[in-house]
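Reader: I would like to go through this structure and ask what stands behind the words used for it. Please show me the structure before we begin.

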Amino acid sequence: MQQPERSRSESYYWPTILAVGLHVIIFAMLFVSFAMTPDLPPSKPIVQATLYQLKSQSQAKTQTNQKIAGEAQKTSAKQYEAEQMEQRKVEQQRQAAAQAAEQKKAEEARKAEVAKAQAAKAAEAKKAEETRKAAEQKKQAEIAKKKAADEAAKKKADDEAKKKAAAEAAKKKAAEEAKKKAAAEAAKKKAAEEAKKKAAAEAARKAAEDKKAQALAELLSEDTQRQQAMADTQGDQVAGDFDDLIRMRAAEGWTRPPSARNNMSVSLRVNMLPDGTITAVSVSRSSGDTPFDNSAVAAVKNIGRLTEMQGLSAQEFQPYRSFTMTFTPEDLAL
C-alpha cells in the first residue's frame with residue numbers, strides 16, 4: 001500500500017530543517033573563530049630597541065647591525081607568517097573536522113530520521129496490510145456465514161418441500177385407496193343388490209310359474225266354474241308377488257327427501273307395457289307432502305322396465321296394464 005505524496009513530503013521536512021540548521025551553526029562558528037583569532041605582537045619594537053642601542057656605535061657597525069636587524073626582522077616576519085599560516089591551517093583543519101563531524105552527525109540524524117520515517121512507513125504499511133487482511137478475513141467469514149445460512153435455509157426448504165411432497169403423496173395415496181375401497185364397496189354392494197334383485201326376480205318368476213302350473217293342473221281336474229275361480233285366485237296371488245317386486249324395486253331406487261316422515265304413504269297410478277316397460281306414473285292419492293309424493297313417482301319411474309313381466313300371458317298381464325300401488329317404505333326412519 002503506497003503512502004500518500006503529502007505524507008512523504010512531511011516525512012522529509014524535519015530532516016531537511018535540521019540539516020540546514022546545522023550548516024548555519026557551522027558557518028557561524030567559523031566566522032566567530034576567524035573574528036576572535038588574536039594577532040601576535042610584531043617583532044618591530046624589538047628591532048627598534050636594538051636599533052636605538054646601536055646608535056652610538058659606528059656607522060659601519062650600525063649599518064651592519066641594521067642589516068642584521070633587517071634580516072632578523074624579515075626572519076621574524078616570515079616565522080610569524082608561517083606560524084599564522086600554520087595556526088590558520090590547524091584552525092581550518094579543526095573547523096573542517098568540526099564541520100565534518102557536524103555533517104556526519106547531521107547525516108546520521110538524517111539517516112536516523114529517514115530510517116525512522118521508513119520504519120514508521122513500514123509499520124503503517126504493515127498495520128494497513130494487517131487491517132486489510134483483518135477486513136478480508138472478516139469479509140470472508142461473513143461470506144462463509146451467509147453461505148452457511150443460505151445452505152441451511154435451502155436445506156430446510158428442501159426438507160420442508162420433501163415432507164410436503166411426501167405428505168401430499170401419502171394423502172393422494174390414501175385418497176386413491178379410499179376411492180378404490182369405496183369403489184370396491186360400491187361394486188360389492190351393487191353386485192349384492194343385483195344378486196338380490198336377480199334372486200327376487202327368479203323367485204317371483206318361479207313362484208308365478210309354479211302357481212300357474214298348479215292352477216292349470218287344478219283347472220284340468222275340476223269343472224269349469226271351479227277352475228275359473230281357482231284361476232282367479234292364483235292370478236291374484238301372482239299379482240301380489242309382482243306388486244311386492246315393484247315395491248321392492250321402487251324402494252331400492254328411492255331417494256329420501258328432507259321432509260319425509262314415518263308412516264307416510266302415497267297411492268300411485270302406474271301404466272305398463274306387456275314387455276314390463278313403465279310408461280307413466282302419477283299420484284292418485286297424495287300423502288300430503290309434495291316432495292315425498294314426487295320422490296315416490298321418481299322411484300317407480302326409475303325402475304324403467306321389469307323383465308320379469310315378459311313371462312306373463314295376456315290374461316295375467318291385463319291387471320298390470322294400468323294399476324294402482326301404495327308406496328310406503330318400511331325402512332324409513334326419522
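Author: One definition comes before the rest: a residue is buried under 20% relative accessible area, exposed over 50%, and partly exposed in between. Please also keep in mind that this is a predicted model.

Reader: Why is Tyr13 called partly exposed?

Author: Its relative accessible area is 48%. Partly exposed covers the range between under 20% and over 50%, so Tyr13, at 48%, is partly exposed. Tyr13 is found in helix α2, residues 13-35.

Reader: What makes Tyr13, Trp14 and Ile17 a nonpolar patch?

Author: Patch residues need over 30% relative accessible area and no salt bridge, and nonpolar side chains are joined within 5 Å. Tyr13 has 48%, so it passes the 30% cut-off. Together, Tyr13, Trp14 and Ile17 have about 370 Å² of accessible area on the surface.

Reader: Is Ser295 buried or exposed, and how do you know that?

Author: The relative accessibility of Ser295 is 10%. Buried means under 20%, so Ser295 counts as buried. Ser295 belongs to helix α6, residues 290-301. Leaving aside neighbours within four places in sequence, Ser295 is in contact with Trp254, Thr255 and Pro257.

Reader: And which word fits Gly253, and why?

Author: Gly253 has a relative accessible area of 33%, and that value lies between the cut-offs of 20% and 50%, so Gly253 is partly exposed. Gly253 lies in the loop between α5 and β1.

Reader: What does Gly253 touch beyond its neighbours within four places in sequence?

Author: Gly253 is in contact with Ala299 and Asn302. Contact means heavy atoms within 4.5 Å. As for Lys301, its C-alpha atom is separated from that of Gly253 by 9.4 Å, although the two residues are 48 apart along the chain.

Reader: What makes a set of residues a nonpolar core?

Author: The members are buried residues of certain kinds, Val and Leu among them, joined through side-chain atoms within 4.5 Å. The largest such core here has 27 residues, and Leu268 and Val300 have the most contacts inside it. Two or more residues come from each of α5 (224-252), β1 (266-272), β2 (278-285), α6 and β3 (322-327). Helix α6 gives the largest share, five residues. In soluble globular proteins, nonpolar side chains tend to be buried together.

Reader: Which residues does Leu268 touch, not counting those up to four places away in sequence?

Author: Among them are Val281, Val283, Ala296, Val300, Phe323 and Phe327.

Reader: Why is β1 called largely enclosed?

Author: Five of the seven residues of β1 are buried, so the rest of the structure largely encloses this strand.

Reader: How do you know that β1 pairs with β2 and with β3?

Author: Two strands pair if at least two bridges are found between them. Six bridges join β1 to β2, and six join β1 to β3, so both meet the cut-off of two. Strands β1 and β2 run antiparallel, and β1 and β3 run antiparallel too. As examples, Asn271 has Ala280 in β2 as its bridge partner, and Arg269 has Thr324 in β3.

Reader: What lies between β1 and β2?

Author: Five residues separate these two strands, which form a hairpin. Gly276 in the turn has a positive phi of about 95°.

Reader: How many helices and strands does the chain have?

Author: The chain has seven helices and three strands.

Technical notes. Residues numbered from 1 in each chain as written. Predicted model: local features only at pLDDT ≥ 70, side-chain atom pairs only at ≥ 80, totals over all residues. Heavy atoms only, no water. Patch = residues over 30% accessible without salt bridge, like charges linked within 9 Å, V, L, I, M, F, W, Y side chains within 5 Å. Areas by Shrake-Rupley, 256 points an atom, 1.4 Å probe, with all protein chains shown as cover. Salt bridge = Lys/Arg side-chain N within 4 Å of Asp/Glu carboxyl O. Helix = DSSP H or I, 4+ residues; strand = E, 2+ residues; numbered from the N terminus. Buried < 20%, exposed > 50% of the residue type's maximum accessible area, 1.4 Å probe, protein only.
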